[in-house]
Amino acid sequence: MAREDGRGEGRGEGRGEGRGRGRGRERDREREREREERDEFVDKLVAINRVAKVVKGGKNFGFAALVVVGDQKGRVGYGKGKAREVPEAIRKATQEAKRQLVRVPLREGRTLHHDAQGRWGAGKVILRAAPPGTGIIAGGPMRAVFETLGVQDVVAKSMGSSNPYNMVRATIDALQAQSSPRSIANKRGKKVADILARRTGGGEATGADAA
């Protein structure tokens, strides 16, 4: 009987140690994933507001955050988060932004393929492609979107509401309307060179332009 008890204790201890090691490995993997995501994505805090919820006993105060996330290689997204503390609100907004990433085709990896307009609610924005060396000429919320997207040269103007939520949504609405010469050529059944020749006035097409 004593031997059997000893065996039982040994097995129980072994199982407990095994489970502990398994949980430790999972935590390490999660940390590695978070580190990789941090390296891959750039996030910018656009706005933080103090909000209040009226309840029976008075008011519950909290914070609402608006965050823009991108990989600076043609992907961007925005998210909102609410919490009692600022760091938690930012964390929630960042997670939501990563779930709502959209891909935008860029010309030569630095500017837009063509001019575009976007609208959301009372917010209206106009985006224009720009030559090399122009830089990002845009207001605060729009600048955050372009920087995280990876745009280097663009001219943008907000014509409506200055609400950061509307401006960010209107900017992403305009970016989603972007079409690359390759996608247009596929739709029309033509060659990419034909589309680019019309845009450049008969000039030679480059691979970077077609992307």
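The following exercises, each with a worked solution, concern the helices, strands and side chains of a predicted model.

Residues are numbered from 1 along each chain as its sequence is written, and side-chain values use heavy atoms, without hydrogens and water. Because the model is predicted, local features need pLDDT of at least 70 and side-chain atom pairs count only at pLDDT 80 or more, while totals for chains, interfaces and linings use all residues.

**Exercise 1. State how many helices and strands the protein chain holds, and what share of its residues is buried.**

Solution. Helices (H or I, at least four residues) and strands (E, at least two) are taken as DSSP runs, numbered from the N terminus. On this basis the protein chain has seven helices and eight strands. Buried denotes under 20% relative accessible area, exposed over 50%, and partly exposed in between (1.4 Å probe, protein chains only). Of the 211 residues, 33% count as buried.

**Exercise 2. Check the span of helix H2 and locate its buried side.**

Solution. The expected span is 1.5 Å times one less than the number of residues. For the 14 residues of H2 (residues 86-99) this should give 20 Å, and the end C-alpha atoms are 20 Å apart, which agrees. Next, the buried residues of H2 are Ala89, Ala93, Thr94, Glu96 and Ala97. They lie on the same side of H2, because they cover an arc of only 165° around the axis; the arc is that of the directions from the helix axis to the C-beta atoms. These buried residues pack against strand S2 (58-70) and strand S3 (75-83), contact meaning heavy atoms within 4.5 Å. Exposed Pro87 and Arg99 are carried on the face turned away from the buried side.

**Exercise 3. Derive the strand order and edges of the sheet that contains S2 and S3.**

Solution. Two strands pair if DSSP finds at least two bridges between them. The open sheet has four strands in the order S1-S2-S3-S4, with antiparallel pairing. Its edge strands, S1 (42-55) and S4 (102-103), each pair on one side only. S3 and S4 are joined by two bridges, and Arg75 stands opposite Arg103 in S4.

**Exercise 4. Repeat the analysis for the sheet that contains S5.**

Solution. Four strands form an open sheet of mixed pairing, ordered S5-S6-S8-S7. S5 (116-120) and S7 (136-137) each have a single partner strand, so one side of each is left without a neighbour in the sheet. S5 pairs with S6 (residues 123-129) in the antiparallel sense over five bridges. Trp120 stands opposite Gly123 in S6.
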